[in-house]
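This report is written for a reader who is meeting the structure for the first time. Please keep the sequence and the 3D view at hand while reading.

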Amino acid sequence: MRVANTLLVKTVDSIDSKDAWETVPREESNFGARAHMIPVHEQRLHNLKNPPGEQDTTGVPLRELLAQAPTAIAVLRGSDYRFSYVNDLYMQAVGRTETSDLLGRTIREALPELEDSGIFQLLDEVYRTGSTHRKCDLKVTLPKGSPRKSEDQYFDFVLQPTFDLSGKCEGIFVLAVDLTDRVLSRRAVEMSEERLRLAQEAAQIGTWEWDPIEDKRTLSAQMHRMYGTDPEASDQEIYRFWSSHVFPQDWPHVSLAMAECQRTGEMDLEYRYDHPEMSLRHHHAKGRRMMGTSRFFGVVIDITDRKWREESLRDREREFRSLAAIVESSDDAIVGKDLNGTVTSWNPCAERVFGYQAEEMIGNSIRKIIPPELYPDEDRIMSAVARGERTEHFETMRIRKDGVRIEVSLTLSPVFNELGEIQGVASISRDISQQRRVEKALNTSERLATVGRLAATIAHEINNPLEAVMNLVYLAQGSMTDAEGKVFLGQAQEELARMALLTKQTLGFYRENKGARSLTLGELVIPLVAVFSARARNKQILIETDIRENPTFVGIPGEIRQLFANLLNNSIDAVRDHGRILIRVSAANEYFGEKRAGVRLSVCDNGPGIAPETRKNLFEPFFTTKRDVGTGLGLWVSSNILRKHEGSIRVRSSVTPGKSWTVFSVFLPLKSKAAPAAPGIV
Amino acid sequence: MLLRVKFRPHPAEDISFSQLCICAMLCLSDTKSAEQATVMRTARIIQFGEDICHRLKVLKGAGYVVAKCESITEIESWLHSSEPPDAVVVMDEFGKASRDAVFLAKGELSLPVILFATTEESHTDSSFDLVIPVLTSPETWLARIEETITRSRSLRGEHDRHAQKDLQLAGQA
């Protein structure tokens with residue numbers, strides 16, 4: 001064993017005794033220094049001198065050497081280990097400032113904080129056995145700093161027994177090297193390395209070294225795991241394994257990059273690797289030549305997860321773009337809103353359906369398009385969706401920008417964030433106003449067809465007996481000789497003619513089988529007034545006819561007659577007993593549009609009037625105010641007749657009590673494309 | 001005569017009440033022309049189909065000789081009799097007038113076929129020479145039948161004359 005240094009300690013009494021000097025080799029300490037301790041026979045170190053024959057080359061007394069030694073040194077005497085010498089480093093190590101705190105006192109008295117450190121037991125062991133004891137990295141908690149604070153410190157201890165001349169152990173030479181800084185540094189490095197190792201493992205980063213000149217590689221443990229290679233295998237075996245598992249299609253650019261990096265000194269490439277256990281992985285290798293050498297150092301990062309995430313992200317982006325395109329081109333209004341009802345998205349169809357542009361709605365409340373009376377419903381539904389409750393699609397009302405209310409079919413769906421929390425609501429609206437109109441028209445059409453079939457059946461059943469009666473009365477009148485009887489039969493014929501006409505008008509949905517011709521309203525009005533005169537008489541209604549002008553126009557007589565009969569019939573129904581009806585025919589121009597020339601027929605009465613809310617529905621099929629007797633078809637049929645004749649109808653009315661009145665004013669142009677021949681009005 | 005022309009119902013429209021009354025009075029008066037009176041006295045009519053509206057009586061009351069047929073065979077025998085009818089009247093029961101009767105009458109003697117319609121649709125049936133719409137007053141339809149028979153006789157007379165001339169010409173040739 002190589003002796004690097006020798007410390008000689010000699011008591012004053014044995015200074016001349018050469019035998020008293022021994023050299024004891026000491027194993028290398030933690031920091032590599034070597035010290036050799038010699039049993040000391042002297043009890044008083046203040047008399048320390050150089051051993052005989054040895055020159056004090058430094059000219060410094062041994063005591064001072066000990067004092068200046070780079071280690072903490074103390075000499076304990078007796079079985080109670082009383083301090084007889086301490087150097088400054090020892091004082092510092094144990095956190096004392098005055099030597100009097102230690103010298104002359106037992107170690108247990110002076111340093112009670114060492115009680116639990118195991119030092120005292122070691123001293124006892126050394127004293128009892130007389131053998132040197134070494135302890136490395138012993139942790140001792142000692143006061144340190146100002147203010148004093150207990151801190152963990154680490155020492156390499158050497159406890160060397162000292163003997164008297166009889167060979168009896170009479171004390172212990174303590175040598176302590178303060179390793180605290182080194183231990184802490186080493187532990188920090190170890191911790192850092194461990195953290196790095198863990199980080200590399202977690203991040204799936206392997207490190208490598210490669211010397212292309214010697215064609216030799218060194219891989220980290222993580223690198224082996226990433227390659228699935230055996231760390232014990234030879235370098236060539238590892239290389240062959242690795243190169244055979246590089247994805248074949250990537251091998252050309254991998255080998256090219258490896259060759260290229262020798263020229264550039266840089267390596268940066270990605271490739272796929274067919275891992276024997278983890279299937280296909282994506283690796284990113286990055287490295288560079290170490291300064292002044294031919295060796296490369298680098299890392300390989302497993303970027304499989306990142307690739308997958310990127311691919312997944314691309315898939316999601318594609319899906320999102322696809323969905324966005326669907327939303328953009330959808331024929332449904334798709335609107336996103338947060339849980340407070342603030343609009344977050346507004347697709348083009350929503351712009352078309354509701355009339356608001358996206359910039360007018362995004363950031364604003366959805367209530368902009370909700371009728372105020374439906375706010376509570378909206379709140380209730382939003383709350384339900386926010387609670388995660390499922391809502392079925394429903395039909396409701398919305399308001400367009402122009403104020404028009406539209407019927408929509410609405411579906412609400414919760415929108416979740418990445419955490420699965422509901423962050424908003426997507427609503428899909430479809431304008432079903434047109435659908436409703438079609439349904440209503442179909443419904444009306446079906447009802448009309450039903451009524452038509454019913455009316456045709458009833459008409460047929462009534463026509464035959466009615467015509468039979470007409471024929472019989474005709475025969476009876478021919479054979480009647482009594483004058484009064486003839487009058488009665490004449491009146492019966494009058495009533496029968498009226499019945500026949502009414503039957504045609506009300507039940508037959510009169511179909512004119514003749515074409516349009518020139519006619520005047522006057523020629524139609526006067527006979528019809530006569531037909532209705534009996535009813536008027538019953539209610540004591542005064543019907544006045546005022547034919548101011550009677551221009552000729554083109555029309556279908558039967559239809560115009562039915563139109564007038566409907567108006568007159570309604571007036572008779574509306575007017576109370578002793579009421580008045582004025583029928584006026586005059587030349588006129590239409591109020592609006594081209595102001596064509598034509599003829600106007602006005603039927604005025606002083607009935608109770610028609611309320612405004614009723615007026616707007618007057619020309620709807622099946623709308624009637626005469627619940628018991630009306631079919632609700634009269635004015636609807638009349639409006640169709642007018643449309644066919646390119647005419648128009650206007651209603652004015654007052655419901656003021658005592659001053660109520662109603663005027664139906666019909667305009668018929670002198671020339672129209674009215675109705676070639678044949679088609680009926682129903 | 002002027003009054004009659006004035007108030008006669010227009011062929012393109014139904015009769016109104018006032019017109020109806022006036023026509024009735026005129027029809028019942030003795031102002032018929034001699035020609036029409038002759039028509040009524042001499043005309044023979046075959047009626048086919050059930051007469052639930054008592055039209056047959058009206059026709060008889062107006063002076064027509066009316067034979068009621070209940071089958072095609074009966075019509076055929078009438079058509080081949082020594083005194084063939086002047087017209088065939090068909091009752092359109094539920095709109096199903098017998099087409100056979102029409103073809104027979106038109107094919108054998110080119111007789112006018114008159115339909116008493118019961119539905120609006122049959123008004124436009126061009127198979128008939130005259131269609132009487134539902135709820136037409138007896139005065140009106142009697143007048144129309146009369147006109148139809150008169151016109152038919154006239155046409156047939158002309159046809160016969162032309163036929164005779166043709167025969168004479170053929171004989172001369």
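What follows describes a helix and its surroundings, a sheet, some individual residues and a second chain.

The model is predicted, and the descriptions below should be read with that in mind.

**A helix and its partner**

Helix 18 of chain A covers residues 634-644, and its buried residues are A:Gly634, A:Leu635, A:Trp636, A:Val637, A:Ser638, A:Ile641 and A:Leu642. These buried residues pack against three elements of chain A, namely helix 16 (557-574), strand 21 (648-654) and strand 22 (661-669). In an α-helix there are 3.6 residues a turn, so residues three or four places apart point the same way.

With helix 16 of chain A, helix 18 of chain A packs at an angle of about 145°, and the two axes are 9 Å apart. The crossing in which helix 16 of chain A passes helix 18 of chain A is left-handed. On the side of helix 16 of chain A, the residues that meet helix 18 include A:Glu559, A:Gln562, A:Leu563 and A:Asn566, while those on the side of helix 18 include A:Leu635, A:Val637, A:Ile641 and A:Leu642. The residues of this contact between helix 16 and helix 18 of chain A divide into 6 nonpolar, 6 polar and 1 charged.

**Two residues with a positive phi**

Most residues other than glycine have a negative phi. Two residues of chain A with a positive value are set side by side in the table.

| Residue | Phi | Place in chain A | C-beta neighbours within 10 Å |
|---|---|---|---|
| A:His578 | near 70° | loop between helix 16 and strand 19 (580-589) | 10 |
| A:Glu646 | about 60° | loop between helix 18 and strand 21 | 17 |

A:His578 counts as exposed because its C-beta neighbours inside 10 Å number 10, and a residue is exposed with 12 or fewer. A:Glu646, by contrast, is partly exposed, with 17 other C-beta atoms within 10 Å. The position of A:Glu646 also links back to the helix described above, since A:Glu646 follows helix 18 of chain A.

**A sheet and a buried strand residue**

Strands of a sheet pair through backbone hydrogen bonds, either parallel or antiparallel. In chain A, 5 strands form an open sheet in the order 12-11-15-14-13, with antiparallel pairing. Its edge strands are strand 12 (343-346) and strand 13 (394-399) of chain A, each of which pairs on one side only. Neighbouring strands of this sheet are turned against each other by 35° on average, direction ignored. Within chain A, strand 11 (residues 333-338) and strand 15 (residues 422-431) run antiparallel and are joined by 6 bridges. A:Ile334 stands opposite A:Ile428, which belongs to strand 15 of chain A.

Another strand of chain A, strand 5 (residues 169-178), holds A:Val177. Is A:Val177 buried or exposed? A:Val177 is buried, because 22 other C-beta atoms lie within 10 Å, where 20 or more are needed. A:Val177 and A:Tyr154 are 23 residues apart in sequence, and their C-alpha atoms are 8.4 Å apart in space.

**The second chain**

Chain B has 7 helices and 5 strands, and from the N terminus on its elements run α-α-α-β-α-β-α-β-α-β-β-α. Of the 173 residues in chain B, 36% are buried. Among the contacts in chain B with a separation of 6 or more, 53% are accounted for by residues 24 or more positions apart.

Terms used:
Residues are numbered from 1 along each chain as its sequence is written. Chains are lettered from A and ligands numbered from 1 in the order in which they are written. This is a predicted model: local features need pLDDT of at least 70, side-chain atom pairs count only at pLDDT 80 or more; totals for chains, interfaces and linings use all residues. Helices (H or I, at least four residues) and strands (E, at least two) are DSSP runs, numbered from the N terminus. Two residues are in contact if their C-beta atoms, placed from the backbone, lie within 7 Å. Two strands pair if DSSP finds at least two bridges between them. Axes are lines fitted to C-alpha atoms, for helices over the stretch in contact, and angles run from 0 to 180 degrees between N-to-C directions. A crossing is left-handed if the near helix is turned anticlockwise from the far one by less than a right angle, and right-handed if clockwise. Ala, Val, Leu, Ile, Met, Phe, Trp, Tyr, Cys and Pro count as nonpolar, Asp, Glu, Lys and Arg as charged, and the others, Gly among them, as polar.
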